[in-house]
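Please look through the model below with its helices and strands in view. The paragraphs that follow take up one helix, then a group of strands, and then a single side chain.

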Amino acid sequence: MKKLANLVLAATLGMSATYASADAISDAAMSEHRSAQAKVRDEFRNPQQTLRFFGVKPDMTVVEISPGGGWYADIIAPLVQKEGQYIAAHFFVDESTNDYYRKSLEKFNQKVKDSAPYQGVKVTAFHPTKALDIAEAGSADVVLTFRNIHNWYMSQGNEGIDNAFGAFFKALKPGGVLGVVEHELPESADDSAMEKSGYMKRSFVVAAAEKAGFELEEASDINANAKDTADHPRGVWTLPPSLRLKDQDREKYLAIGESNRMTLKFKKPSL
């Protein structure tokens, strides 16, 4: 009887921990500090489900690659603020950096300085050929990259991809998780489409991660969109939120919504 009681207690504690984690993610995602404009994107980006799929918890060290204006940072930073650590591996800036990246980093640093949910955030730099020390080696529980891989491939090719995944592997603890969300190109498409469209083949991403030493643990359709054919005139930027064609076929692309995305959970093997 005592053994049964202990099992019930253990199960109850486990369930409580799960609910606590889920509630913390929900609270962070629904927080008033997130703008209404940002929350509108939740319909397509599914941040709560995505973070749960990747196993993000409040006591973890989480590195986000190229957080830009902070769409995901607005959720993750307060989520791990008390018990964990959020590390923003933001844009690398030098004398050759254009104004877009420079201003994006400046705005993010200002947010870290002024915004209460960002207190304690650590900002590092990432560039697929110039800045690869995103965090202390073996320190991160989770590394996350949202819709970035195409940028590295389009600008630095296979070298940039190899460097990026190698940097993620180095930063993670043994058993740590790499979470990837990326615009997905159908496997039947020509490989050359990855050079300009903003879409990447799942097979390419998986192969790059495995080359770095990762194991694919699980894939999810959380961010899939069957309406997206991935063959638009201005690539992925034809769709919202970019809408590069402006008023041309605007309703058509709004009806499609944001891109079809792969959501992949990789693991760094335990020692």
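In this predicted model, helix α7 covers residues 149-171, and although a straight helix of 23 residues would span 33 Å at 1.5 Å a residue, the end C-alpha atoms of α7 are only 18 Å apart. Along α7 there is a kink of about 135 degrees, and its centre lies on Gln156. The buried residues of this helix include Trp152, Tyr153, Gly157, Gly160, Ile161, Phe165 and Phe168, and among the elements that cover the buried residues of α7 are the strands β1 (61-65), β3 (122-126), β4 (140-146) and β5 (172-185), together with helix α8 (202-212).

Two of those covering strands, β1 and β3, lead to strand β2 (residues 85-91), which is mostly covered, since six of its seven residues are buried. β2 runs parallel to β1, to which five bridges join it, and in this pairing Val62 stands opposite Tyr86 of β2. β2 also pairs with β3 in the parallel sense, again over five bridges, with Ala88 standing opposite Val123 in β3. Helices complete the arrangement: β1, helix α5 (residues 73-80) and β2 form a right-handed β-α-β unit, and β2, helix α6 (residues 99-114) and β3 likewise form a right-handed one.

The last stop is Ser26, which has its place in helix α1 (residues 2-29). Is Ser26 buried or exposed? Its relative accessible area is 14%, and because buried means under 20%, Ser26 counts as buried. Leaving aside residues up to four places away in sequence, Ser26 touches Gln48 and Arg52, and with the side chain of Arg52 the side chain of Ser26 makes a polar contact at 2.8 Å.

Note on methods. Residues are numbered from 1 along each chain as its sequence is written. This is a predicted model: local features need pLDDT of at least 70, side-chain atom pairs count only at pLDDT 80 or more; totals for chains, interfaces and linings use all residues. Side-chain values use heavy atoms; hydrogens and water are left out. Helices (H or I, at least four residues) and strands (E, at least two) are DSSP runs, numbered from the N terminus. The expected span of a helix is 1.5 Å times one less than its number of residues. The bend at a residue is the angle between axes fitted to the seven residues ending there and the seven starting there. Buried means under 20% relative accessible area, exposed over 50%, partly exposed in between (1.4 Å probe, protein chains only). Contact means heavy atoms within 4.5 Å. A polar contact is a pair of N or O atoms within 3.5 Å; within protein, one must be able to donate a hydrogen and the other to accept it, and residues adjacent in sequence count only if both atoms are side-chain atoms. Two strands pair if DSSP finds at least two bridges between them. A crossover is right-handed if, with the strands pointing away from the viewer, the path from the first strand over the helix to the second runs clockwise.
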